[in-house]
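Student: Got a minute to go through this structure with me? I'd like to start with the charged contacts.

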Amino acid sequence: MRMIRLRRKKERPQFREELRIIPRWLKILCLVLYLLAVGIAVTIINVAPETRWPEVRDNAAVATVAMVGAVTGMALIISAFLFMMGYVYRDARRRNMNAPLWTLLVLVLAPSSLIIGLIIYLLVRDPLPYPCPRCGALVGPRFNFCSTCKCNLHPSCPNCKQEIAETDKFCPNCAFELAPGRETPVLPTPEIPSTQ
């Protein structure tokens with residue numbers, strides 16, 4: 001668990017980076033539907049004055065602004081819901097979790113409790129796969145050894161055999177001094193073959 005917590009600290013997701021996970025087609029679809037809804041609402045308000053609210057029936061400009069505001073409010077709520085679904089699906093897929101199941105859970109919990117499904121997902125999701133410190137192949141957060149080079153991904157103290165972090169200089173359980181040369185090796189940069 002200490003290693004998983006350490007890897008989650010390394011993730012440090014930023015809001016802008018997380019928004020990029022939402023599919024671009026979904027963002028475009030929401031924008032097109034919003035513009036279409038505004039166009040239809042404004043056309044109806046101006047063509048049929050009896051459809052305006054009674055308070056603003058005589059003033060077309062105020063009725064138009066009020067209708068655009070109402071459509072914008074509903075569009076924000078619906079877009080946020082669709083973005084939430086798209087985010088959960090794409091994020092679960094990149095974390096090698098069951099994406100359809102998590103999306104369905106968030107969808108089922110959404111009508112009764114709004115974002116409780118998203119909160120549950122964010123609390124229990126797996127950490128992102130990370131590169132092996134020895135060979136650079138992607139490994140899952142629950143792997144004990146790298147499947148490519150057999151690197152020990154959960155190093156343990158030679159004295160008490162408890163799990164330690166890569167950055168520990170002393171064992172947090174028994175205070176055993178760990179070897180100073182035990183740091184993670186630096187990955188070599190891949191060479192690009194010349195085409196001569």
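Tutor: Sure. This is a predicted model. Start with R94: R94 forms a salt bridge with D91, and the closest N and O atoms are 2.7 Å apart.

Student: Where do R94 and D91 lie?

Tutor: Both are in helix α4. They sit three residues apart, about one turn of the helix.

Student: Is D91 buried or exposed?

Tutor: D91 is buried, with a relative accessible area of 0%. R94 is partly exposed, at 31% relative accessibility.

Student: Which salt bridge does D91 form with R125, and how far apart are the closest atoms?

Tutor: The closest N and O atoms of D91 and R125 are 2.8 Å apart. That pair links distant parts of the chain: D91 is in helix α4, while R125 is in the loop between α6 and β1 (130–131), 34 residues away. Both D91 and R125 are buried.

Student: What about E18?

Tutor: E18 forms a salt bridge with R94, with 3.4 Å between the closest N and O atoms. E18 lies in helix α2 (residues 15–19) and R94 in helix α4 (residues 60–94), so the pair ties together parts 76 residues apart in sequence. At 13% relative accessibility, E18 counts as buried.

Student: Which residues do the shared partners join into one network?

Tutor: E18, D91, R94, R95 and R125 are joined into one network by salt bridges that share partners. The salt bridge count comes to five.

Student: New topic. How many disulfides?

Tutor: Zero. C132 is in no disulfide, and its nearest cysteine sulfur, that of C149, is 3.7 Å away.

Student: Why no bond between C149 and C132?

Tutor: The two sulfurs are too far apart for a bond at 3.7 Å. The cut-off for a disulfide is 2.5 Å.

Student: And how accessible are C132 and C149?

Tutor: C132 is buried, with a relative accessible area of 1%. C149 counts as partly exposed, at 22%.

Student: Back up a bit. What's the overall layout?

Tutor: The protein has six helices and two strands. Along the sequence the pattern reads α-α-α-α-α-α-β-β. Of the 196 residues, 29% are buried.

Student: Take α5. Which of its residues are buried?

Tutor: A99, W102, T103, V106 and A110. Seen down the axis of α5, these buried residues fall within an arc of 95 degrees, so they line one face of the helix.

Student: What exposed residues does the face of α5 turned away from its buried side carry?

Tutor: P100, L101, V108, P111 and S112.

Student: What should α5 span, going by its residues?

Tutor: 21 Å, for 15 residues at 1.5 Å a residue. The end C-alpha atoms of α5 are 21 Å apart, which agrees.

Student: Which residues make the nonpolar surface patch?

Tutor: L105, L114, I115, I116, I119, I120, L123 and V124. The patch covers about 690 Å². Helix α6 (residues 116–124) gives the most, with five residues.

Student: Where is L114?

Tutor: L114 is in the loop between α5 (99–113) and α6. L114 is exposed, with a relative accessible area of 63%.

Student: Last one. Where is F170?

Tutor: F170 is in the segment after β2 (138–139). F170 is partly exposed, at 49% relative accessible area. Its C-alpha atom is 8.9 Å from that of C157, and the two residues are 13 residues apart along the chain.

Notes
Residues are numbered from 1 along each chain as its sequence is written. This is a predicted model: local features need pLDDT of at least 70, side-chain atom pairs count only at pLDDT 80 or more; totals for chains, interfaces and linings use all residues. Side-chain values use heavy atoms; hydrogens and water are left out. Patches are made of residues with over 30% relative accessible area and no salt bridge: like charges are joined within 9 Å, nonpolar side chains (Val, Leu, Ile, Met, Phe, Trp, Tyr) within 5 Å. Accessible areas come from the Shrake-Rupley method with a 1.4 Å probe; for residues, only the protein chains shown count as cover. A salt bridge is a side-chain nitrogen of Lys or Arg within 4 Å of a carboxyl oxygen of Asp or Glu. Helices (H or I, at least four residues) and strands (E, at least two) are DSSP runs, numbered from the N terminus. Buried means under 20% relative accessible area, exposed over 50%, partly exposed in between (1.4 Å probe, protein chains only). The expected span of a helix is 1.5 Å times one less than its number of residues. The arc is that of the directions from the helix axis to the C-beta atoms.
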